[in-house]
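This briefing addresses the fold, the surface and selected residues of one protein chain. The points are grouped by topic for reference alongside the coordinates.

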Amino acid sequence: MKKSLAEIARCFDTDKSQSENYINNFERHFEHLRDIPLSVLELGVYHGGSLLMWHEYFPKGLIVGLDMNPDPFKEIPERVRFYQGSQDDGALLDRIAQECAPDGFDIVIDDASHV
């Protein structure tokens, strides 16, 4: 049996595991996509724990993160990409899209602006 997103989140350094409602809403919306190849972009990844969480939750997905902080990984897992920069840098977002998801991202999670 597969782990729930909440169970996976508790294994990694991510603030997403702090709120049961938060993580349950993600699972409610994403569960049907879990086993298909897809591309996920997360804006704001802090220490990278959420990228590892998505990497495990979406075993066929390409997981891409963008953050102002430096690359949090000593070794980056297969199917995970990290970019350092700002979400308001249009040229960087275009480059990320072209390199990782030329047909568009399937999921974009904005956890950077907190607006």
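Y46 is exposed, because its relative accessible area of 56% is over the 50% cut-off. Y46 lies in the loop between β1 (39–43) and α3, and its phi is near 50°, a positive value in a residue other than glycine. The model discussed here is predicted.

**Backbone in the loops**

- A positive phi also occurs at R79, where the angle is near 75° and the residue is again one other than glycine.
- R79 is placed in the loop between β2 (62–67) and β3 (80–84).

**Helix α3: E56**

- Helix α3 covers residues 49–57, and E56 is located in it.
- The relative accessibility of E56 is 32%, so this residue counts as partly exposed.
- Leaving aside residues up to four places away in sequence, E56 touches K3, I8 and F12.
- For E56 and K3, the C-alpha atoms are separated by 9.4 Å, although the two residues are 53 residues apart along the chain.

**Helix α3: L52**

- L52 is likewise found in helix α3.
- With a relative accessible area of 24%, L52 is classed as partly exposed, because this value falls between the 20% and 50% cut-offs.
- When residues up to four places away in sequence are not counted, the contacts of L52 are F12, F73 and P77.
- F12 is thus touched by L52 and by E56.
- The C-alpha atoms of L52 and T14 are separated by 9.1 Å, with these positions 38 residues apart in terms of chain separation.

**Cysteines**

- How many disulfides does the count come to? The count comes to 0.
- C11 has a relative accessibility of 49% and therefore counts as partly exposed, since exposed requires a value over 50%.
- C100, at 12% relative accessibility, counts as buried, because this is under the 20% cut-off.

**Secondary structure and overall dimensions**

- The protein chain contains 4 helices and 4 strands.
- In sequence order, these elements follow the pattern α-α-β-α-β-β-α-β.
- The radius of gyration of the protein chain is 13 Å, which agrees with the value near 13 Å for a compact globule with 115 residues.
- Along the principal axes, the C-alpha trace spans about 40 × 30 × 25 Å.

**Burial and contacts across the chain**

- Of the 115 residues in the protein chain, 43% are buried.
- Among contacts with a separation of 6 or more, 50% are accounted for by residues 24 or more positions apart.

**Surface and charge**

- The accessible surface of the protein chain comes to about 6,800 Å².
- Carbon and sulfur atoms contribute 49% of that accessible surface.
- The protein chain carries 11 positive and 21 negative side chains.
- The centres of the positive and negative sets lie 7 Å apart.

Notes. Residues are numbered from 1 along each chain as its sequence is written. This is a predicted model: local features need pLDDT of at least 70, side-chain atom pairs count only at pLDDT 80 or more; totals for chains, interfaces and linings use all residues. Side-chain values use heavy atoms; hydrogens and water are left out. Helices (H or I, at least four residues) and strands (E, at least two) are DSSP runs, numbered from the N terminus. Buried means under 20% relative accessible area, exposed over 50%, partly exposed in between (1.4 Å probe, protein chains only). Contact means heavy atoms within 4.5 Å. A disulfide is a pair of cysteine sulfur atoms within 2.5 Å. The radius of gyration is taken over C-alpha atoms; the globule rule is 2.2 Å times the number of residues to the power 0.38. Accessible areas come from the Shrake-Rupley method with a 1.4 Å probe; for residues, only the protein chains shown count as cover. Lys and Arg count as positive and Asp and Glu as negative; His and the chain ends are not counted. The place of a charge is taken as NZ of Lys, CZ of Arg, CG of Asp or CD of Glu.
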